[in-house]
Amino acid sequence: MSSPQYKLVYFNARGLAEAARFIFAYSKVAYEDVRIEQEAWPALKSKTPFLQLPYLEINGKPYGQSAAFTRLLAKKYKLAGTTDEEQAQVDAIVDYMKDVVASMIKWFTEKDEAVKAKLLEEFRTVSLPGQLDVLQQHLGKADYFVPSGPTFADFSVASMLFTIVKYFPGTLDKHPQLKEHMDRVHALPGIKEWVAKRPESQN
């Protein structure tokens, strides 16, 4: 049986697609990394499964919603936890990252500069520190979020923390376990090589 043909379609960004890219890199699975320019998006939008990016094509069939197709890949390549209980914990961490992303999007997409500055300060000083506390509590002193080893929860957290640190250097100074976790994930075989060669992007 031949290997599936994958095509991951997104903007030139890490964002909601990077955890899937980490799965491909760590699992040494070939895929086509398609990056859409902003000016091409209006013409493509109506052809996507949920009028959104990213989406993943598997043997030509498109699957939308990044959490859904990333979870699918994680299950295929044994990166979703090895027991029902581990899978529940992995899913919980991934779902919690949606809250972090939602907090970021509030200030990131705001057009009014005065409101944007207020939302940014609220995120940086209130929302984010609390969210990092929660993540560090779940990680504890372990290497990964579940005992069996790295999962797509680790990939989701590490890739998002990478972006947050780009915007706010020093963010993880008070959360050293998360900083070590981010570095550990980025040093994993396959992921390390991917990070070294991936296209540059702001987020």
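## A helix pair and a four-stranded sheet

Helix α4 passes helix α6 in a left-handed crossing. This is a predicted model, and two parts of it are worth a look: the pair of helices, and an open sheet of four strands.

**The helix pair**

- α4 covers residues 84–108 and α6 covers residues 152–167; they pack at an angle of about 25°, with their axes 9 Å apart.
- Angles under 35 degrees count as roughly parallel, and α4 and α6 are therefore roughly parallel to each other.
- On the α4 side, the residues in contact include V90, V94, M97, V101 and W107, while α6 contributes, among them, F152, V157, M160 and Y167.
- Sorted by class, this contact has 15 nonpolar, two polar and one charged residues.

**The sheet**

- Its strands follow the order β2-β1-β3-β4, and their pairing is mixed.
- Why do β2 and β4 each have one side without a neighbour in the sheet? They stand at the edges, each with a single partner strand, so one side of each is left free of a neighbour there.
- On average, neighbouring strands are turned by 25° against each other, direction ignored.
- β1 (residues 6–11) and β3 run antiparallel and are joined by four bridges; V9 has Y55 in β3 as its bridge partner.
- β3 (residues 55–58) and β4 (residues 61–64) also run antiparallel, again with four bridges, and E57 is partnered with P62 of β4.
- The hairpin of β3 and β4 has two residues between the strands, and N59 takes a positive phi near 55°.

**A helix across the sheet**

- Helix α1 (residues 18–27) lies across β1, β2 and β3, and runs at about 145° to β1.

Methods. Residues numbered from 1 in each chain as written. Predicted model: local features only at pLDDT ≥ 70, side-chain atom pairs only at ≥ 80, totals over all residues. Heavy atoms only, no water. Axes fitted to C-alpha atoms, helices over the stretch in contact; angles between N-to-C directions. Parallel < 35°, antiparallel > 145°, perpendicular 65-115°, else oblique. Left-handed = near helix turned anticlockwise from the far one by under 90°. Contact = heavy atoms within 4.5 Å. Nonpolar A, V, L, I, M, F, W, Y, C, P; charged D, E, K, R; others polar. Pairing = 2+ DSSP bridges.
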